[in-house]
Amino acid sequence: MTPQTVRVELAAAGGCDRSYDIRVGQGILAEIGPQLAAHKVTRAVVIADAAVVAQHARIALESLHAAGLDTLVLEVASGEGSKAAGEAARLWGDLAEAAVDRKTHIVAVGGGVVGDLAGFVAATYVRGLAVWQVPTTLVAQVDSAIGGKTGINLPAGKNLVGCFWQPRGVFSDINSLATLPKREYLSGLAEVVKYGVIRDESFFAWLEEHRQAVAAADPAALHHIILTSSRHKAEVVSQDEHETSGLRAILNYGHTFAHAFESASGYGRFLHGEAVSLGMVAAARLACRLGRIDSELVDRQNRLLAELGLPTDVDSVARELATDELLAIMRRDKKAVSGQLRFVLPTRLGHVELVDGISAADVAAVLETTGLEATG
Ligand SMILES: NC(=O)c1ccc[n+]([C@@H]2O[C@H](COP(=O)([O-])OP(=O)(O)OC[C@H]3O[C@@H](n4cnc5c(N)ncnc54)[C@H](O)[C@@H]3O)[C@@H](O)[C@H]2O)c1
Ligand SMILES: [Zn+2]
């Protein structure tokens with residue numbers, strides 16, 4: 001499989017073309033040095049997740065050295081806890097101590113946590129350093145590293161502080177997924193299935209047909225799913241970079257329910273993708289209840305999720321969590337408009353719409369029902 005490029009087209013600003021390339025393939029980490037050197041970069045600070053420093057960040061670092069760049073590595077402890085103001089402040093301090101100037105580029109190596117944190121630190125230090133994203137989880141390769149959303153969490157909620165800061169480029173090396181724990185990998189597949197449901201019926205059918213290769217992380221299957229997902233994310237971001245037209249909101253399919261499940265169960269019980277899988281089950285049920293899709297489509301989506309090893313038993317999750325609390329969290333959701341319930345719902349496979357003004361009674365019914373689809 002030859003490495004491939006996906007272009008993220010963005011409107012120019014201040015006379016600068018901000019569009020960038022996502023490189024997808026095996027061994028892409030070795031391209032980093034030559035690529036930065038081609039941009040006349042002479043110094044790079046690699047901000048890396050502790051879990052990937054020894055293996056994947058080292059390959060990036062060797063590539064940067066070989067291309068003649070001066071480098072510094074800043075390690076970040078693994079886990080969501082690092083996406084915090086204290087950690088951003090520590091990194092700002094380290095950059096100051098190393099006398100990092102505005103010509104220095106940041107290279108973020110890790111999953112969504114390091115991508116979001118390092119992106120935010122890059123966006124804010126000396127009013128903005130260029131950043132390159134090197135995603136090493138499936139979630140980051142198909143989603144978080146693309147599109148420029150950066151940020152940290154507050155005790156009051158996730159991603160409450162942050163900004164849009166597009167990377168100069170993204171290097172998605174399929175080889176780096178070989179060390180990813182299986183549960184993390186499968187969790188990322190929820191976002192992959194999401195692209196099929198919201199935009200691409202034939203990709204959904206491809207996932208059904210190749211489900212065994214996909215679940216087993218076969219390299220050829222990985223190449224196809226990362227490339228296709230990157231194309232979808234890139235197209236949506238190109239058309240609605242700052243989530244103003246409503247188009248980018250379709251990426252939140254399943255996420256209103258997912259955020260409520262994550263928050264009500266206490267962060268840590270579900271991985272994000274697992275909550276998204278449950279959220280897509282609930283959203284499809286809601287669409288069916290509202291007469292937008294038939295129960296066959298609900299079953300078809302849920303079957304694929306289950307076959308890929310993702311959780312789909314919304315009923316048992318909903319039995320444990322209070323419906324009132326879930327509804328209250330959904331009303332507070334960043335994406336809710338004046339407390340009104342708003343969901344991204346399918347109208348057919350490969351197409352979704354943003355639907356406002358959904359009644360709490362319908363949402364509660366979806367969570368309290370024993371299921372419109374056959375549950376096993
Ligand atoms: N910016 C966006 O648009 C966007 C989109 C989706 C999610 N996110 C954010 O992304 C975060 C979740 O990202 P994630 O799922 O990548 O989590 P993560 O960054 O916490 O990584 C998951 C785990 O895998 C480990 N890891 C990473 N790469 C590895 C590798 N190659 N081998 C072995 N272990 C590895 C990490 O240390 C961590 O323990 C959340 O904070 C979420 O808010 C952001
Ligand atoms: Zn998500």
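## Around ligand 1

Start with Ser78: one of its polar side-chain atoms sits 3.0 Å from an oxygen atom of ligand 1. Keep in mind as you look that this is a predicted model. Two threonines also reach the ligand. In Thr136, an N or O atom of the side chain is 2.8 Å from a nitrogen atom of ligand 1. For Thr179, the distance between a side-chain N or O atom and a nitrogen atom of the ligand is 2.7 Å. How much of the ligand's own accessible area does the protein cover? On its own, ligand 1 has 860 Å² of accessible area, and the protein covers 86% of that.

Now zoom out to the whole shell. It has 25 residues, and the closest are Glu80, Gly112, Thr136, Thr137 and Thr179. Sort the shell by residue type and you get six nonpolar, ten polar and nine charged. Where do shell residues come from? Helix 4 (112-124), helix 5 (138-144) and strand 8 (157-164) each give at least two of them.

## The overall fold

Step back and you'll find 15 helices and eleven strands in the protein. Its radius of gyration is 20 Å, and the globule rule gives 21 Å for 376 residues, so the protein is as compact as a globular protein of that length. If you boxed up the C-alpha atoms along the principal axes, you'd need roughly 60 × 45 × 40 Å.

What share of the residues is buried? Of the 376 residues in the protein, 53% are buried. The accessible surface comes to about 15200 Å², and carbon and sulfur atoms account for 51% of that. The chain also brings together stretches that are far apart in sequence. Take the contacts between residues at least 6 apart in sequence: 75% of them join residues at least 24 apart.

## Two residues on helix 6

Helix 6 (residues 182-199) is home to Ala190. Is Ala190 buried or exposed? Its relative accessibility is 0%, so Ala190 counts as buried. Beyond its neighbours within four places in sequence, Ala190 is in contact with Gly273, Val276, Ser277, Met280 and Leu310. You can also check Ala190 against Leu308: they're 118 residues apart in sequence, yet their C-alpha atoms are 8.7 Å apart in space.

Ser187 lies in helix 6 too. With a relative accessibility of 3%, Ser187 counts as buried because the cut-off for that is under 20%. Setting aside neighbours within four places in sequence, Ser187 is in contact with Leu271, His272, Gly273, Glu274 and Leu310. So which names turn up for both residues? Gly273 and Leu310 are among the contacts of Ala190, and they are among those of Ser187 as well.

## The loop between strands 1 and 2

Next, look at the loop between strand 1 (4-8) and strand 2 (20-25), where you'll find Arg18. Arg18 is partly exposed, with 26% relative accessible area. What does the Arg18 side chain reach at 3.0 Å? It's the backbone oxygen of Ala11. Not counting residues up to four places away in sequence, Arg18 touches Leu10, Ala11, Ala12, Ala13, Gln166 and Glu241. Asp173 is another matter: it is 155 residues from Arg18 along the chain, and their C-alpha atoms are separated by 22 Å.

Ser19 belongs to this loop between strand 1 and strand 2 too. Ser19 is buried, at 12% relative accessible area. A polar atom of the Ser19 side chain lies 2.9 Å from the backbone nitrogen of Leu10. Leaving out residues up to four places away in sequence, Ser19 touches Arg7, Val8, Glu9 and Leu10.

## Two positive phi angles

Here's a backbone detail to look for. Most residues other than glycine have a negative phi. Lys40, though not a glycine, has a positive phi of about 60 degrees. You'll spot Lys40 in the loop between helix 1 (32-38) and strand 3 (43-49). Lys40 is exposed, with a relative accessible area of 71%.

Ala217 also has a positive phi, near 60 degrees, and it isn't a glycine either. Look for Ala217 in the loop between helix 8 (211-215) and helix 9 (219-239). Is Ala217 buried or partly exposed? At 27% relative accessibility, Ala217 counts as partly exposed.

Notes:
Residues numbered from 1 in each chain as written. Chains lettered and ligands numbered in written order. Predicted model: local features only at pLDDT ≥ 70, side-chain atom pairs only at ≥ 80, totals over all residues. Heavy atoms only, no water. Near = heavy atom within 4 Å. Polar contact = N/O pair within 3.5 Å; in protein donor to acceptor, adjacent residues only side chain to side chain. Areas by Shrake-Rupley, 256 points an atom, 1.4 Å probe, with all protein chains shown as cover. Helix = DSSP H or I, 4+ residues; strand = E, 2+ residues; numbered from the N terminus. Nonpolar A, V, L, I, M, F, W, Y, C, P; charged D, E, K, R; others polar. Rg over C-alpha atoms; globule rule 2.2 N^0.38 Å. Buried < 20%, exposed > 50% of the residue type's maximum accessible area, 1.4 Å probe, protein only. Contact = heavy atoms within 4.5 Å.
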